[in-house]
Structure formats: C-alpha cells, structure tokens
Amino acid sequence: MRSSIPRQSTTEHGANRLDNDARLTSELAAVVAGARRRALRDGDRQIDTAHLLHTLLESDPEVRSVFEGGDPQVARLLGYLVQRSIGYGLRWQGSVEDSGALPVLPGAAGTMGWSPVAASALEEAFERAARRGDAPARGVDLLAAIIQDPQSRAVEVLRRGGVDARELPERLRQVERQVELRVAGCEEYAEGLDGYR
C-alpha cells in the first residue's frame, strides 16, 4: 500500500535540520516536534504555520500572554485549529502553503517536509533571536515570524478567531519588555545577594 505522503528528496534545508537545530530552545524544539506530529495525524503534506500556531498556543504560556483576549480568545483560536481536519482546513490538504516567493522545502525521503512559509518563519525566528542577542529562538520569536505573511494559514486562523495580526507585534514588544524587566530584576537581586555575602 502506498503512503499518502509523497516521498521527497533530501536538501540541506530538510526536516531533520530544522527539527534538530541548536538555535531552538528545548521548548521550541518541542513545538516543532508537536507540529510535525499534528501534520502527520491530520494527513497534511507539509508542516505549515497553522500547525506551528496550534502547538505554540497549546504549549507556550509566553505566547498565550500576547493575546489581549486572554484564555477565552486562545480557546477560540484553538477551537478553530482543532476544526482544521474536519472543516475549512480540508481545502488545505491538497495544497502547499506558499506565498510564491520561496521554493518548497522537502523533507528527507519518507518524512514530512515544511511549507515554504513555515520554513521561512522558523529561519526568521532564529534571526530575530540573534538580533536580540539570544542564541536560541523562543516561542514568541516564532509567533512574530509566522504573522509576518498576511497570506499565511496562521494569519487566516487568527482572522477567523477575531485577532488582528497587525496588532500583535506591539503586544509582542510589550511581553518581551516584561520578560527583559523580570530578567534584569533577577540579575540585580542576584548581584545584591553576592554583595551581601
């Protein structure tokens, strides 16, 4: 019996390279693995930005805090994402999420590949973390990257859930500033303890 998932050739940008990239935090590596499992379970040809958004919302409290509507808004988004395999997402199964600007990135033979938009978003998340001075990318870096393409499936899900993706970058900046202040506060506290000793 033939697999419904096409076997594709390996490239340096294949699935294993993105899944095992050292620039991922352990939390974000779990998100990538979860998105892969979700794509396989749904019978999708590739991991796309909606798979990534789904797993981010389920597993990353920092990402959830970006949404002003709080838990009810996140629950509504997750509801739309769960319907993917039975509702509007069915039309996605036979197509590739592609803005047209990038080539399709295949996975290794017998594995799930990445949509061009999702692969580009992951690379942008790495670059965003590097610009901030962090080595590994975090969930908020990936969220910021997947909302950049207004044609992405993640942005479509956000629209359906009543979220304006154009407003999220400001919320992301606020959340990151709070994290920076918490980290700075912890460092000052630690320095104070060292001085006390």
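Begin by selecting Leu53, Phe67, Leu142, Leu143, Ile146, Ile147 and Leu158, the residues with the most contacts inside the largest nonpolar core, which has 43 residues. The structure on display is a predicted model. Two or more residues of this core come from each of the following elements: helix H2 (26-42), H3, helix H5 (70-82), H6, H7, H8 and helix H9 (168-196). The greatest contribution, seven residues, is that of H6. As background, nonpolar side chains in soluble globular proteins tend to be buried together.

Next, select residues 139-146, which form helix H7. Is this helix enclosed by the rest of the structure, or open? It is largely enclosed, because eight of its eight residues are buried. They are Gly139, Val140, Asp141, Leu142, Leu143, Ala144, Ala145 and Ile146.

Keep H7 in view and add helix H3, residues 49-59. The two helices pack at an angle of about 145°, and their axes lie 11 Å apart. The crossing of H3 with H7 is left-handed. To see where they meet, colour Thr49, Leu52, Leu53 and Leu56 on the H3 side, and Gly139, Leu142, Leu143 and Ile146 on the H7 side. Sorted by class, this contact comprises six nonpolar residues, two polar residues and no charged ones.

Now centre the view on Ile146. Which residues is Ile146 in contact with, leaving aside its neighbours within four places in sequence? They are Thr49, Leu52, Leu53, Leu56, Ala121, Ser152, Ala154 and Val155.

Proceed to Arg153, which is found in helix H8 (residues 153-160). Is Arg153 buried or exposed? Its relative accessibility is 7%, and it therefore counts as buried, the cut-off being under 20%. Select Leu53 together with Arg153: they are 100 residues apart along the chain, yet their C-alpha atoms are separated by 9.2 Å.

Finally, select helix H6, residues 116-132. H6 has 17 residues and reaches 24 Å from its first C-alpha to its last, close to the 24 Å expected at 1.5 Å a residue. Its buried residues are Pro116, Val117, Ala118, Ala119, Ala121, Leu122, Glu124, Ala125, Phe126, Arg128 and Ala129. Among them, Ala121 has already appeared on this tour as a contact of Ile146. Move just past the end of H6 to Gly133, where phi is positive, at about 100°.

Notes: Residues are numbered from 1 along each chain as its sequence is written. This is a predicted model: local features need pLDDT of at least 70, side-chain atom pairs count only at pLDDT 80 or more; totals for chains, interfaces and linings use all residues. Side-chain values use heavy atoms; hydrogens and water are left out. Buried means under 20% relative accessible area, exposed over 50%, partly exposed in between (1.4 Å probe, protein chains only). Helices (H or I, at least four residues) and strands (E, at least two) are DSSP runs, numbered from the N terminus. Axes are lines fitted to C-alpha atoms, for helices over the stretch in contact, and angles run from 0 to 180 degrees between N-to-C directions. A crossing is left-handed if the near helix is turned anticlockwise from the far one by less than a right angle, and right-handed if clockwise. Contact means heavy atoms within 4.5 Å. Ala, Val, Leu, Ile, Met, Phe, Trp, Tyr, Cys and Pro count as nonpolar, Asp, Glu, Lys and Arg as charged, and the others, Gly among them, as polar. The expected span of a helix is 1.5 Å times one less than its number of residues. A nonpolar core is a set of buried Ala, Val, Leu, Ile, Met, Phe, Trp, Tyr and Cys residues joined through side-chain atoms within 4.5 Å.
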